[in-house]
Amino acid sequence: MAKLTIDDLKRIKEKVQKEDLFRAGAKRIKVTVHMGTCGIASGAKEILDTVMEEMSENNVNDVIVTTSGCIGICSREPLVTIEEQGKEPIVYEYLTKNKMRQIFKQHIMGGKIQPEFIMARGKEQDGR
Amino acid sequence: MKVFRAHILVCGGTGCRASASEAVHQEVVKEIAKKGLSNEVSIVETGCNGFCAAGPIMVIYPEGTFYQYVKAADVPEIISEHIVKGRPVERLMYREPVTEKTIPHMQEIPFFGKQMLIALKNRGLIDAEKIDEYIARDGYMGAAKALTEMTPDAIIDEMKKSGLRGRGGGGFPTGMKWMFARKSPGDVKYILCNADEGDPGAFMDRSVLEADPHAVLEGMIIAGYAIGANEGYIYCRAEYPLAIKRLNLAIAQAKEYGLLGQNILGSGYSLDIHVYQGAGAFVCGEETALMASIEGRRGMPRPRPPFPASQGLWNKPSVLNNVETFANVPQIILKGGDWYASIGTQGSKGTKVFALTGAVNNVGLVEVPMGTPIGDIIFDIGGGIPKGKNFKSAQLGGPSGGCVPASALNTPTDYEEIVKLGAIMGSGGLIVMDEDTCMVDTARFFMEFCQEESCGKCTPCREGTKRMLEILERICHGQGKDGDIELLEELAYIIKDSALCGLGQTAPNPVLSTIRYFREEYEAHIYDKRCPAAVCSKLFKSPCQHACPIEMDIPAYIALIRANRINDAYKVMKKTNPFPGVCGRVCPQFCASKCRRGQLDEPMAIAWLKRYIADNAKKPEIKAVEVTRRQKIAVVGAGPAGLTAAQDLALRGYKVTVFEELPYAGGMMRYAIPEYRMPRDIIQSEVDDIAALGVEIKTGVKVGRDISYDAIKKEYDIVLLAIGAHKSWTLDIPGEDLQGVYGAVEFLRAVNLGKDVKVGSKVAVVGGGNSAIDAARTAIRLGAKDVTILYRRERKDMPAWENEIVAAEEEGVKIEYLVAPVKVIGKDGKVAGVECQRMQLAEFDKSGRRRPKPIEGSNFVLSIDTIVPAISQSSETDWITKDSGITVTKGGTIALAPKKKTATTAAGVFVAGDAAKGPATVVEAIAMGHQAAAEIDDYIRAANGEPAYKAPAEEVIEIPFEVDEEVTETPKAKMPELKLSERKITFKEVELGYNKKTAYKEACRCMRCDAEL
């Protein structure tokens, strides 16, 4: 691929932001499984597999699944962030396969968030 | 179609099957058939309904009752109760979870709200393996700006302006470092990233590399351009496979985009970055050793100068920065040095990432503005110490850092301030330690680490750390000797001054800082062969016994309960404790706080088991001991300290007379602790055992009133003062002379003397200890309608026991937290109200708790007619004359002679209990009583030139060893209690005691740490 220029960099930025299937409305929900070493050690891979299984079992195709690193609070891993268009992200903590299945069925498919497993809603703020 | 009167739906989804719904289903089929209901009830196995976490799930229609966590064993109950009798089984029913509104926002959780993200700004938001996601969050914009709009000098100026200092630990100004390298002549230069994170408990760099590798690459591009380097290395230890994988992926992606390699972004600048995998040697975090390692040589440091900025990798000018330093750079270039410098303190700018680990609730990675107090990180962001334990120390800076005590909690995170404490900022490891950590063991651990990681090049480090480790190990094994601390210090300073590199120079820091702040712990190990935290296992049989001030053989008497030999158990207890029945009720249980069972579920109910033995065992008959010694001993005060000493001295053949002012012996056990906690017959029977030895107890005789101190001094060879602390502290506020103000001790004593004490209908008690609770619960029993405890801190800070606080609340006592009285308001000479002020918690005090600070203008008046200050108490010492030779301390206690444990400054006069220590506990008083007896006997024998006392052989009681093969989590057995309605109107004992079955069950929980396998 050709070398990038600064304009290319800006274009990529805009493109990514525009093409974000979730923000563009093509996908309804974004599921981020946090997979730093802490998350993986606490079973994040199993959680990710569970999400994928549930998607194929239930023929769900309007959900984006992505991974990311540690969000800092390692003692509450595995953590998953679920973001619905136009709503505040919800972070679930101490997940297990069964909790993830319940969240998938009830929240992702059924729209009912599961307060028992939630750590918090919203996003972190970065520096001023 | 067949009609059923009920349908049972058992979930057969994957989730529920995984939690054994199969067995539930089969059990339902079996039970329905057994009850002959097959024609009435249909059983359906359904697909997943989504409540997998609560599985196995069962739903019963027509009601639609939702049962969760159903086990096969629950099925018969569900069928017979719900299907047959129509009564849904409540305990298995689904409970509505809390509503959505109560979900906190990230910013409302102190863990997130108090952080400020710069180096970690992308954490949890982007996929680290997709460069586009990094670019979408302004990624590589800093590099673009630097390469196309700025000169290298302008970049260095911006970095200097930002005030960024090396985050690897040294704290050297980054801009300066870059400037030196830029100014060094040469056309080949290197930019290096130190990702050799090796401090125990530190994981900042790993997390940054895993979550946001491009941020580090971008920082390196900017730095490389600034110094004129075209090649760079990231030195990352091989034990970070995920970090290395993501780094290599990020480098490949950046290369593909032309963000690395030739002519980056068309700017003409070229840079290649390689990942070099280190083998995990701690010394390779030292810059010259790291470079030697990259060069393919053995990782050993060399003396500096020359510094790497002039002669670094392959003797070419090089800059080595840490991962976190680089991650900050793109933001500084993008937003400007002034922006960065606006955050933090005078000398330490920006933010710092800490890896928060150890005894703290929220283990994780935190980024805070520089200057945030250490205590805020531990208690607000970290959520404090788990299991209600006390904070002891924080270890900052890894093996090169130090351990700081509670008094350092207010110290801001600032390079210079932390150095003043004897620690270093380091790369940001922050290990929290609670009361169960032994500081000598901690120092030993770090010294072992440094000794193992020493490269061996220079003698001070190679040999010195080894010798220091040997001394520390000796101390931990109980073989420490006088002079060891001084020797450690001497070695430490020699190593600091003469070691070649940072590893050696800083290796003694953990030892020096622990000696500086926790010297008494070293002394306890060396002189008393005690490990106060009950960690150094060579020093004791079991942690519980070691933690007990009188070293009761707890595992032994618990084992004897299990073996159904409680009469023997009683004898074991009596060997060290003359008041097992009392301690079984009111002991604060230092033992239980160190109980290993507590690490699994809950500590053993040691006191309650002790009480079970004391209440149920057959007491051996006590015979008088023949008086064989000619010295006569007077004990003033018949509390636990005085009586214990009297017992021991009688057993050693002395004639002992105890003088007690009050009508009965027992001291605070009888006159401060209310009867509903401490029945009088229990105290009396244990006092009688002591009298039976031949101890004469003269009650109703006050020294100084009924008999003069001088007369006693004249008649007796030795006087032991065990006068207790029977005088309440006043609040030192206006209005305390009004009628209706009673000190807690005086109030409880009057009640316990059987006087007709009239409390009003509205009572306020001031304080947060057990005395405050005792006064409040007593007031309820005397008929007060409204009892409020005023406490100036929060509930978690109350020294009173949790079960006592709960019992008080059950009985109707209200507790107002963060409130302090400022004035007692009177009407016609009587209490009519109390003016209070609301408090807020401010900085930390020496105990590690936040200090309450009044909120101006928050005053309010509580309408009351009685107020009981219960803040502390002191001894009555006004009878002590100058020529008695006895000294009273500023704190109001009787002073000890130098290096003595019970001898006072007057010859032949000893002191024990609260009068020496200030208000303490029964078991501590007993311990001091034992000590006083031993010291008195030694004193007499030494004066006579006799050999030291030799205790006669004790009866040998064989202790069985029986433990469960498998340990299952079981909380401690509950204590049965008197009905609430009865509690509020009588002084009958509230806690009823274990029965045989419960005591056996509880005894079986003991894991027998005393066993030698």
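Helices and strands here are DSSP runs, a helix needing at least four residues and a strand at least two, with numbering that starts at the N terminus. On that footing, chain A comes out with four helices and five strands. The model is a predicted one, and the predictor scores the complex with an ipTM of 0.88 and a pTM of 0.88. Chain B has an average pLDDT of 93, with 99% of its residues at 70 or above.

Chain A first. Read from the N terminus, its elements go α-β-α-α-β-β-β-α-β. The C-alpha trace covers about 45 × 30 × 30 Å along its principal axes. Of the 128 residues in chain A, 45% are buried. Among contacts in chain A with a separation of 6 or more, 70% link residues that sit 24 or more positions apart.

The strands of chain A come together in an open sheet of five, ordered S2-S1-S3-S4-S5 and with mixed pairing. S2 and S5 of chain A form the edges, each of them pairing on one side only. From one strand to the next, the twist averages 20°. In general, strands of a sheet pair through backbone hydrogen bonds, and they do so either parallel or antiparallel. At the S5 end of this sheet, strand S4 of chain A (residues 90–92) runs antiparallel to S5(A), and three bridges join the two. One residue that can be followed across is Ile90(A), whose bridge partner in S5(A) is Arg121(A).

Helix H3 of chain A (residues 44–57) is laid across three of these strands, namely S1 (29–34), S2 and S3 (80–84). Relative to S1(A), helix H3 of chain A runs at about 155°.

Met100(A) is a handy residue for looking at helix H4 of chain A, where it lies. Met100(A) counts as buried because it has 29 C-beta neighbours inside 10 Å, whereas 20 would be enough to qualify. Setting aside neighbours within four places in sequence, Met100(A) touches Ile47(A), Thr50(A), Val51(A) and Leu95(A). Gly86(A) is another matter: this residue is 14 positions from Met100(A) along the chain, and their C-alpha atoms are separated by 22 Å.

Turning to the interface, 44 residues of chain A are in contact with 58 residues of chain B. On the chain A side, the elements that supply two or more residues are helix H1 (6–19), strand S2 (63–68), helix H4 (97–109) and strand S5 (118–121). That list takes in S2 and S5, the edge strands of the sheet, along with H4, the helix that holds Met100(A). By class, the side of chain A that touches chain B is made up of 14 nonpolar, 20 polar and ten charged residues.

Chain B, for its part, is assigned to domains that in places use separate stretches of sequence. Domain 1 covers 6–92, domain 2 covers 118–341 and domain 3 covers 351–539. Domain 4 is built from 543–620 plus 961–1003, domain 5 from 632–725 plus 875–944, and domain 6 from 727–872. Domains 3 and 6 of chain B have C-alpha centres 40 Å apart. Between these two domains, eight residues of domain 3 of chain B are in contact with six residues of domain 6 of chain B. The domain 3 side of that contact has three nonpolar and five polar residues, and no charged ones.

How values were computed. Residues numbered from 1 in each chain as written. Chains lettered and ligands numbered in written order. Predicted model: local features only at pLDDT ≥ 70, side-chain atom pairs only at ≥ 80, totals over all residues. Contact = placed C-beta atoms within 7 Å. Nonpolar A, V, L, I, M, F, W, Y, C, P; charged D, E, K, R; others polar. Domains from an automatic or database assignment. Buried ≥ 20, exposed ≤ 12 C-beta atoms within 10 Å, placed from the backbone. pLDDT = per-residue confidence, 0-100. Pairing = 2+ DSSP bridges. Axes fitted to C-alpha atoms, helices over the stretch in contact; angles between N-to-C directions.
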